[in-house]
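The following paragraphs lead the reader through one molecular structure, beginning with a helix and ending with a pair of aromatic rings.

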Amino acid sequence: MYILIFPVGFILWYLAYEAKPIISDEVSIQWEEKNINKRNKLLNIIKESF
């Protein structure tokens, strides 16, 4: 029984690995810009409070 568990586990892992979404460069760039803007706003608020 244990002999079958490992091959089935590797097959399921491979299928899950192949099904992962592809991250577009444009989306990641927009996400980074959005996070940078949020970080800058928070830093400005912190600087103004001191």
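In this predicted model, helix α1 covers residues 2–18, a run of 17 residues. From its first C-alpha to its last, α1 reaches 25 Å, close to the 24 Å expected at 1.5 Å a residue. None of the 17 residues of α1 is buried, so the helix lies largely in the open.

The chain as a whole can be described in similar terms. Its secondary structure comprises two helices and zero strands. Of its 50 residues, 0% count as buried, a class that requires a relative accessible area under 20%. The accessible surface of the chain amounts to about 5,500 Å², and carbon and sulfur atoms contribute 68% of that area.

Attention may now turn to the surface itself. F6, V8, F10, I11, L12, W13, Y14, L15 and Y17 make a nonpolar surface patch of about 1,100 Å². One of these residues, F6, is found in helix α1. F6 has a relative accessibility of 58% and therefore counts as exposed, since the threshold for that class is over 50%.

Two further members of the patch, W13 and Y17, lead to the aromatic contacts. A pair of aromatic rings is described by the distance of the centres and the angle of the planes. The count for this model comes to one aromatic pair. The ring centres of W13 and Y17 are 5.7 Å apart and the planes stand at 20°, so the pair is stacked; the stacked class applies because the planes are under 30 degrees apart. W13 and Y17 are four residues apart in helix α1, and therefore about one helical turn separates them. With a relative accessible area of 55%, W13 is exposed, whereas Y17, at 42%, is partly exposed.

Technical notes
Residues are numbered from 1 along each chain as its sequence is written. This is a predicted model: local features need pLDDT of at least 70, side-chain atom pairs count only at pLDDT 80 or more; totals for chains, interfaces and linings use all residues. Side-chain values use heavy atoms; hydrogens and water are left out. Buried means under 20% relative accessible area, exposed over 50%, partly exposed in between (1.4 Å probe, protein chains only). Accessible areas come from the Shrake-Rupley method with a 1.4 Å probe; for residues, only the protein chains shown count as cover. The expected span of a helix is 1.5 Å times one less than its number of residues. Patches are made of residues with over 30% relative accessible area and no salt bridge: like charges are joined within 9 Å, nonpolar side chains (Val, Leu, Ile, Met, Phe, Trp, Tyr) within 5 Å. A salt bridge is a side-chain nitrogen of Lys or Arg within 4 Å of a carboxyl oxygen of Asp or Glu. Rings of Phe, Tyr and Trp (its six-membered ring) pair if their centres lie within 6.5 Å; planes under 30 degrees apart count as stacked, over 60 as edge-to-face and the rest as tilted.
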